[in-house]
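Trainee: Got a minute to go through this one with me? I'd like to talk about how the parts touch each other.

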Amino acid sequence: MIYSYYPGCTLKTKAKELDIYARKSLEALGIEIEELDNWQCCGGVYPLAKDEIATKLSSIRTLNQAKELGRPLLTLCSACHHVLTRVNNDMKTNGDINMRANNYCAFDEPYNGETQVIHFLTLLKEVVGFDNLAKKVVNPLKGRKIGAYYGCLLLRPSNELAFDDPENPSILEDFIKALGATPVVYPFRNECCGGYISVTNKSQATKNVDKIVASAKYKGCEQLITACPLCMYNLNENAGADKIEVKYFTELLAEALGVK
Amino acid sequence: MLKIGVFVCWCGSNIAATVDVKQVVEAVKLQQGVVFATDYQYMCSEAGQLIMRNAIEEYKLDGVVICSCSPRMHEATFRKNAERAGLNPFMVEIANIREHCSWIHKDVEEGTIKAIALANAAIAKVKLNAPLISGESGVTKRALVIGGGIAGIQTALDIAEAGFQVDIVEKSPTIGGNMAKLDKTFPTLDCSACILTPKMVDAAANPNIELLTYSEVEKVSGFVGNFKATIRKKARYINTDLCTGCGDCMSKCPSKKGKNEFNCGLNNRPAIYIPFAQAIPNVAVIDPVQCIKITKDKCGLCQTVCSAKAIDYKQQDEIIEREYGAIVAATGYKPIKLDKFDEYGYSQSKDVITSLELERLMNAAGPTGGKLVKPSDGSHPHTITFIQCVGSRDISGRGKCYCSKICCMYTAKHAMLIRDKYPDVNVNVFYIDVRTPGKNYDEFYRRAVEEYNVNYIKGQVGKVYESDGHLVLQASDLLNNEQILVNSDMVVLATAIEADESAKKVASMLTASIDTNNFLTEAHAKLRPVESPTAGIFLSGVCQGPKDIPETVSQASACAAKVIGLLSKAKLVTNPCVAHSDELLCNGCSNCANVCPYGAIGYETKLINDHGIRENRRVAVVNPALCQGCGACTVACPSGAMDLFGFSNSQIMAEVEAICKK
Amino acid sequence: MKKDMELANEVIRISGANPIRCMKCGKCSASCPSFNEMEYAPHKFVDMVVHGRIEELMESKSIFHCLSCFACVERCPRGVEPAKIVEAIRVVKQRQIGENYLDANDIPAIVDEQIPQQALVSAFRKFKK
């Protein structure tokens, strides 16, 4: 099976590592992807207002392209995954949004949320399997104490994202374990870093980041991993005096698979 | 030509405020056959009943329609009244213009139109009614109580005291239920074991009570007064007649890895065990999953040390059948699972516990001998914080929509007991509302605040996490409009309770109705609170809804009174509205027998004379003693042979037609 | 009063949330990472919408401190969805002329080397119509 791949805008510029190491790792794992032609930016945030349709159209066009190819849509960036999943859910369950969006888009066939949106981590867990992944590791990250930083976008709202337990997630810890490293569970791994306000209110973002870093260090993390460019920026640039190294999870994956 | 009388009830303003009763009376007078119609404020009152009796006699009525409340409320009243006036009681029909009409409508015009339609339907039906005669059936003088907690024990004791035989079927190896796990009980703080264990002993010693522990009811058939139950006595691998409860086997068993159910899994037990020292019966049981003699045919140590020679690894489950006149559901409750509430860190920290676990940690017979210590490291806690309403009053899908009712009081109890025994320990309680209705209850809670200095904080907790060697609660302090961080060594979750998982299965076996929370439904929320709508099935304790011990015991005794009332009867009047089959139409397909929940339909091969053709045919035959008149067979029958007395196909169609007619 | 309730109904419609279900337990404010930045905490927000006090909320900086992190939505026992209510108030305000919180001309001063464009796109989506 070939997966349609949706990198999203930031992975082409500031978050190239997230993208490049994902591609290399997938090749090593024998999973075939094809970047979606003419994909459009998902919009960055999911529009919460019930009457916002226009801001969802770019996501709908992307989802419809994937449907026409008959392939699942593979996402990597937390924000893109969040937005695409929720817009897809709207098209599946919200008759009003579905009707108005389809009337405007006038695709050959109406889009009703048929595309399966799958996050890279879910692919590793459910398609590759963490046991198989562990077998393919050539360069185990032995002795490294790594904390997973989930943030909010992958987990909440859990009834729509259905990604993991929103209060006690485990998929990234299982991933870290598969790479041969030691996952460190720390309480603030599912608390928000303040992504949206990092442009308008740096001091508020700093307060959030400091709590996350303190919690991670208290539990013994030497390094954090994330799937989100916004979190990466915030944790790196808006941290106060106390900092911690943050990497994209795909970089660790490539390292362990020996393709970095 | 049948002569019909119609009586329209105002029900005070219950009906008359939304239905123009005078207009209903005028409308029904236009119906063919209606020779008398009137209205009255309260038809069910003696004066109202007199109006009905006089009209029956004066107009020589053949049928009566009462437009009033639900037949579940007063059908029996009006039928009895008709009988007093010499009319067959089954010539009375009720048009429900209260629950089905006035209570659910606001507009008088619309309400009146609907009330007239419902009245006309009942008139159309009553014209096709035929006089029916009720039969009689006997009563088996023995009751079955399902569940051996305090509710089941109390009900059984009261029934036994009245001289009837009772069996208690308890799925676990001992009776006692959740109450046996409690340390002290509110509002008097007496020790739970001290008041429960004597009752357990009484139940075991009472000659009228038979305890079937480690047993489950598998099947129930029959009907009120004449139930038949199939009970599985699970293999204990112990000859209970020989076992002396000495406990030698427990100390010798090499496998110690079983979760001790009685201590909520806070410590372990051997594969062969007696649940607790005061267990009734005080005999051992082998966990067949854990015991390596049973799984792998190794070890066998307990058999060699048992001086009573009570151990039998080859013991099999035993199936017994018993007959009962009445069945009591007393299946109880359990705390909900907390996996959807991990913001409290229950699965992440050993020092976050449930209230039931705290009971065991404070109990002298518990895993720590009653010494309150942090489960993580056994050290003395300095601050303990309680969180109330964990999973209660929750409509998000994570918890239960109802108030669990017992948590406010037991939390106040826990807080007070801790402050009393360990005055150096600070105790906080996060609450949304403190709900303490009940005799001496609010006074009890206030004592926790005023005499024991328990710190009550109005607000919920958003997250519990570990930092700097202790737990931190990030919470709301609503009265101060603040978000606060509270350090604590232990956190106790007042976990919502839910119906025991067996309730659903038991309810379906008993054809007793159940609500969306798996609590068994009472026949009437106010007036028949201990009876199920299914005749002969009674409700005792939390299986009907959350309640504390005093309320449970009251309800258990009320339930027993109802059972005793039933078992005291020599004969029961049976419902004549039962199914019957037209042999000429029946093709013997078995559809009706397949859907019958009471096993009331059998088949016979009969010589049938079908318009001159004589042949042997297999036809359905209804046993009227077993049939409960549910009507499932009449719907399933493809040939129209099955019909129901009192609710015939033609009567139902006449009703539908009358409603549809403009 | 009538206008207040009209505004409140607009907020309820846009949010799709149901503030009347609130039982005032404070779980949202206990979960909120921005509590100390806000003049009106989430539980207060919900209560103010129930009572039609929308204009006060529209004038408050609180609506720009919500992170839409959904911790309140996830944990609310009553399914009230406070974050959606905050967003709806922000939307109602920003749909008025001249009420954009963020101006494109402000960006050059804010932007740094590392900022991902995703952050800018998000900020515009959140704070500008």
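Trainee: How many salt bridges does the rule find across the interface of chain A and chain C?

Mentor: The rule finds 7 there. Keep in mind that this is a predicted model.

Trainee: Which side chains meet in one of those, say with C:Arg75?

Mentor: C:Arg75 pairs with A:Glu167, and the N to O distance is 2.8 Å.

Trainee: And how many residue pairs are in polar contact across that interface?

Mentor: The count is 18 residue pairs, with both residues at pLDDT 80 or more. On the chain A side, helix H3 (78-93), helix H9 (202-218) and helix H10 (229-237) each bring at least two residues to the side that touches chain C. H9(A) gives the most, with 5 residues.

Trainee: What about residue classes on that side of chain A?

Mentor: The side of chain A that touches chain C has 19 nonpolar, 13 polar and 12 charged residues.

Trainee: What area is buried between chain A and chain C?

Mentor: About 3700 Å², and carbon and sulfur atoms give 56% of that. In chain A, the residues that lose the most area to chain C are A:Leu48, A:Tyr196 and A:Val199, together 19% of what that side buries. The contact itself takes 44 residues from chain A and 41 residues from chain C.

Trainee: Why do people quote an area at all?

Mentor: Because the size of an interface is often given as the accessible area lost when the parts come together.

Trainee: OK, switching. What does chain A do with chain B: how many residues are in contact?

Mentor: 10 residues of chain A are in contact with 11 residues of chain B. The area buried between these two chains is about 910 Å², with 45% from carbon and sulfur atoms.

Trainee: How many salt bridges are there between chain A and chain B?

Mentor: The count is 2. B:Glu466 and A:Lys219 meet in a salt bridge through their side chains, at 2.7 Å from N to O. Between chain A and chain B there are also 9 residue pairs in polar contact, both residues at pLDDT 80 or more. By class, the side of chain A that touches chain B has 3 nonpolar, 2 polar and 5 charged residues.

Trainee: Now a single residue. Is C:Ser29 buried or exposed?

Mentor: C:Ser29 counts as buried because its relative accessible area is 0%, and the cut-off for buried is under 20%. C:Ser29 sits in helix H2 (residues 27-31) of chain C.

Trainee: What does C:Ser29 touch?

Mentor: Leaving aside residues up to four places away in sequence, C:Ser29 touches B:Ser476 and B:Gln483 in chain B, plus C:Phe35, C:Ala41, C:Pro42 and C:His43 in chain C. With C:His43, the side chains make a polar contact at 2.7 Å.

Trainee: Last thing: which domains is chain C divided into?

Mentor: Domain 1 (2-96) and domain 2 (101-129). Their centres, taken over C-alpha atoms, are 24 Å apart. The contact between them takes 7 residues from domain 1 and 5 residues from domain 2.

Trainee: And what area do domain 1 and domain 2 of chain C bury between them?

Mentor: About 630 Å², 57% of it on carbon and sulfur atoms. In domain 1, C:Phe64, C:Arg90 and C:Gln94 lose the most area to domain 2, together 67% of what that side buries.

Trainee: How many salt bridges are there between domain 1 and domain 2 of chain C?

Mentor: The count is 1. C:Lys126 forms a salt bridge with C:Glu87, with the closest N and O atoms 2.8 Å apart.

Key. Residues are numbered from 1 along each chain as its sequence is written. Chains are lettered from A and ligands numbered from 1 in the order in which they are written. This is a predicted model: local features need pLDDT of at least 70, side-chain atom pairs count only at pLDDT 80 or more; totals for chains, interfaces and linings use all residues. Side-chain values use heavy atoms; hydrogens and water are left out. Contact means heavy atoms within 4.5 Å. Buried area is the accessible area (1.4 Å probe) that two parts lose on being put together, summed over both. A salt bridge is a side-chain nitrogen of Lys or Arg within 4 Å of a carboxyl oxygen of Asp or Glu. A polar contact is a pair of N or O atoms within 3.5 Å; within protein, one must be able to donate a hydrogen and the other to accept it, and residues adjacent in sequence count only if both atoms are side-chain atoms. Helices (H or I, at least four residues) and strands (E, at least two) are DSSP runs, numbered from the N terminus. Ala, Val, Leu, Ile, Met, Phe, Trp, Tyr, Cys and Pro count as nonpolar, Asp, Glu, Lys and Arg as charged, and the others, Gly among them, as polar. Buried means under 20% relative accessible area, exposed over 50%, partly exposed in between (1.4 Å probe, protein chains only). Domain bounds come from an automatic or database domain assignment.
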